[in-house]
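Reader: I'm new to reading protein models, and I'd like a close look at a single part of this one. Could you walk me through one strand and its surroundings, step by step?

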Amino acid sequence: MKHLKEYLGKMKAAGLVAAFCIDGQEEMEVQGLTFDSKAAVPGGIFVCKGKNFRVEYLKEALQRGCLCYVSEKHYELSEGTSWIQVKDIRKAMPVLAAIFYETEQQPVHLTGITGTKGKTTTAYYIKAILDVWEKKQQKAETGILSSVDIYDGKEQEPAKMTTPEAIEIHRHIRNAADAGIRYLTMEVSSQALKYKRVRGLKFDVGVFLNISEDHISPCEHENFEDYFTSKLSLFKQTRVACVNLDSAEKERILSASRIAERVVTFGTTGAPDIWGHDIEMHDGKISFRVRCDRFHEKFHLRMHGLFNVENALAAIAAAYAYGVDVESMKEALASVQVKGRMEEFESKDRNLVAIVDYAHNRLSFEKLYDSVYKEYPGYEIYTVFGCPGDKALNRRRDLGLISGLFSNRVYLTTDDPGTESVSRISEETGHYVEMVGCPCECIEDRALAIHRAIQDAGEKKTVVLVLGKGSEGRQRFGNLTYDCPTDSEMVRKSMNNYDRQTIRQKVSRRS
């Protein structure tokens, strides 16, 4: 445990301190660090952060025995309360976290993945490869911080956000190191980069997948340039940058990547270091070949979606940077399936296929429909999705137009409406669906929308796409989040009903 004066000293050295008062408590050992008042402990430091912060949270933390608070504002509270006023709470949080969790000398190898689409699948591909590699060396399973779940050797739980806050990230790094984990793979969102959640970390490998306009709203990024620049900043803290030559804006991405110590390119066009070619699909299985200066081998993917070749090439590039053998890469990619990503469910009569996927922005919708048209020729396409409230406002136009253009029918439903009404969001989105001549229906109950789409399929060859939530088992209404069944659970239930109905129909006709 470090003394309070050490925290103050290091924040002063970083130029973060505006004012402070810790008289008489300099030698006190810090016992905890949190921004959650309910997790405050005696002798801890409480961080006042976020637009939703209330002084009542600070009072609760102090009542629970916190030693000191850190904030951008000084609060007139009881005498004897220690406080440190900082110029930027976002810059202060990773400094505090690194001191408390003793991660200043980074104890694990970090892989960071950013991009508009494919972060989660790529993260699990990389984890799977590193797991196989580490197992061969009798080492521990590797860790992951993803938008699906978190594993650090000590904690395993569903994720609440794509990239956690700095204090949580450093806790997971500490847990991983203590559990003997050598590699930790994490998704790095544009918000995490913009708001300094990963500030001070050094990524041994940083992967830039792709870029497309997304997360544009008053509470996220004011415009595409802000979004793009935030993502490019990953390279400032990266040793080996892995860059996709198939991405839009590739020249600018490559230019920015040169700040890293080394660059490894991947893709199917140009002359990448990791070149994917001869992409084939047989009986729903995807294969492709990869050529680089170390090998020229054929790979197989368990997961559907031709776009997953891009994610696999990214994972191979990261593994290449770490020096992983090609057999470990091949073994892992042939077996891994990511929850809520291209999960396929097929009816007994094979006329109906339902696919659950996290696709939730323009780029992911475009790539998904392109893949479905190639993998399921002759099938009608029914799409179930919603748009979030209060953010990413451009999605209502983009997803409405794309789904309407490529679907035979669209069912608009709930997807984290926040403070907006589902009907209003659906009305705005539905305007664009119908603009391109596609019938559209709004069903606020997500389970009912999924059930309706599957039942409406009848006996026609149909693919039902259930998009946007993936494996998430929660919905945000107002400022609160509620548990709910996952899309996979709801699809499975509706598919069972469809199969029973199909069997009854067939028996009836024979009689």
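**A close look at strand β19**

Author: Happy to! Keep in mind that this is a predicted model. Let's start with strand β19, which spans residues 380-385 and is mostly covered, since five of its six residues are buried. Here buried means that a residue has under 20% relative accessible area.

Now for the neighbours of β19. One of them is strand β22, made of residues 462-467; β19 and β22 run parallel and are joined by five bridges. To find this pairing on your screen, look for Thr383, which stands opposite Leu465 in β22.

Another partner of β19 is strand β20, residues 409-412. This pairing is parallel too, and it has four bridges. A good landmark here is Phe385, whose bridge partner in β20 is Leu412. How does the chain get from β19 to β20? It passes through helix α12, residues 394-406, and this β-α-β crossover is right-handed.

If you'd like to practise on another part of the model, try the second largest pocket, which holds about 330 Å³ of space. It is lined by 17 residues, and those closest to its centre are Asp246, Leu306, Phe307, Glu310 and Lys367. Helices α9 (308-322) and α11 (362-375) each supply at least two lining residues, and α11 gives the most, with five. Sorted by class, the lining of this pocket has seven nonpolar, five polar and five charged residues.

Definitions and conventions
Residues are numbered from 1 along each chain as its sequence is written. This is a predicted model: local features need pLDDT of at least 70, side-chain atom pairs count only at pLDDT 80 or more; totals for chains, interfaces and linings use all residues. Side-chain values use heavy atoms; hydrogens and water are left out. On a 1 Å grid over the protein atoms alone, a cavity is a set of points where a 1.4 Å probe fits but cannot get out, and a pocket is an open set with protein on both sides within 12 Å along at least five of seven lines; lining residues have an atom within 4 Å of a point. Grid points are joined across faces, edges and corners, and a volume is the space filled by probe spheres set on the points. Ala, Val, Leu, Ile, Met, Phe, Trp, Tyr, Cys and Pro count as nonpolar, Asp, Glu, Lys and Arg as charged, and the others, Gly among them, as polar. Buried means under 20% relative accessible area, exposed over 50%, partly exposed in between (1.4 Å probe, protein chains only). Two strands pair if DSSP finds at least two bridges between them. A crossover is right-handed if, with the strands pointing away from the viewer, the path from the first strand over the helix to the second runs clockwise.
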